[in-house]
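Look at the model below with two topics in mind: how helices pack together, and where the nonpolar residues gather.

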Amino acid sequence: MPELDERVWDQLRQAARAARELAYAPYSHHPVGAAALVDDGRIVTGSNVENASIGVTLCAECSLLGDLVRTGAPGHRGRLIAFACVGPNPGALLPCGRCRQLLFEHGGADLLVDRDGGPVPLSFLLPDGFGPDQLP
Ligand code: THU
């Protein structure tokens with residue numbers, strides 16, 4: 001798997017920190033920001049958007065995927081290549097289980113996910129993931 005320049009990871013982490021500033025997290029006080037590099041060169045971002053009905057909270061990854069789908073060129077929504085996420089604590093925030101599945105749809109097993117100690121492919125965090133290829 002090709003490695004990404006460390007400058008790209010720095011750019012993604014910075015974009016994730018900026019997105020974290022835009023989070024709406026009045027209930028958990030746990031703002032999260034996410035950023036990803038798309039195969040067409042875009043950087044898409046997302047922030048968590050909480051709700052008084054706590055269970056319907058949107059993770060930062062959800063709004064990032066909205067950004068991906070909404071800002072792609074007609075006929076090419078783009079594939080995620082590399083993903084970084086930050087919460088209020090130092091270091092990388094690894095996506096929750098549901099978001100691993102959501103990311104799998106748009107990045108697949110090879111999506112590189114930022115992790116303290118070095119990026120890992122999504123297949124490491126979600127082995128044998130279920131995706132569009134499993135459907136007829
Ligand atoms: N959160 C995310 O945005 N992404 C994750 O992958 C984990 C959790 C958010 C949801 C909620 O607003 C807050 O972090 C605390 O769980």
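This is a predicted model. Begin with helices H2 and H3, which pack at an angle of about 15 degrees, their axes lying 10 Å apart. Angles under 35 degrees count as roughly parallel, so H2 is roughly parallel to H3. Their crossing is left-handed.

Which residues of H2 and H3 make the contact? On the H2 side they are Glu61, Cys62, Leu65, Leu68 and Val69. H3 contributes Arg98, Cys99, Leu102, Leu103 and His106. Sorted by class, the contact of H2 with H3 has seven nonpolar residues, one polar residue and two charged residues.

Now turn to the nonpolar cores. The largest of them has 20 residues. Those with the most contacts inside this core are Val44, Leu64, Leu80, Phe83, Leu103, Leu111 and Leu122. At least two core residues each come from strand S1 (33-38), helix H2 (60-71), strand S3 (80-86), helix H3 (97-107) and helix H4 (122-125). H2 gives the largest share, four residues. Leu103 thus appears twice in this account: in the contact of H3 with H2, and among the core residues with the most contacts.

Leu64 is worth following in detail. Leaving out residues up to four places away in sequence, Leu64 touches Ala34, Ala35, Ala36, Val44, Thr45, Gly46, Leu80 and Phe83.

There is also a second, separate core, made of 11 residues. Among them are Trp9, Leu12, Ala16 and Val86.

Technical notes
Residues numbered from 1 in each chain as written. Predicted model: local features only at pLDDT ≥ 70, side-chain atom pairs only at ≥ 80, totals over all residues. Heavy atoms only, no water. Core = buried A, V, L, I, M, F, W, Y, C linked by side-chain atoms within 4.5 Å. Buried < 20%, exposed > 50% of the residue type's maximum accessible area, 1.4 Å probe, protein only. Contact = heavy atoms within 4.5 Å. Axes fitted to C-alpha atoms, helices over the stretch in contact; angles between N-to-C directions. Parallel < 35°, antiparallel > 145°, perpendicular 65-115°, else oblique. Left-handed = near helix turned anticlockwise from the far one by under 90°. Nonpolar A, V, L, I, M, F, W, Y, C, P; charged D, E, K, R; others polar.
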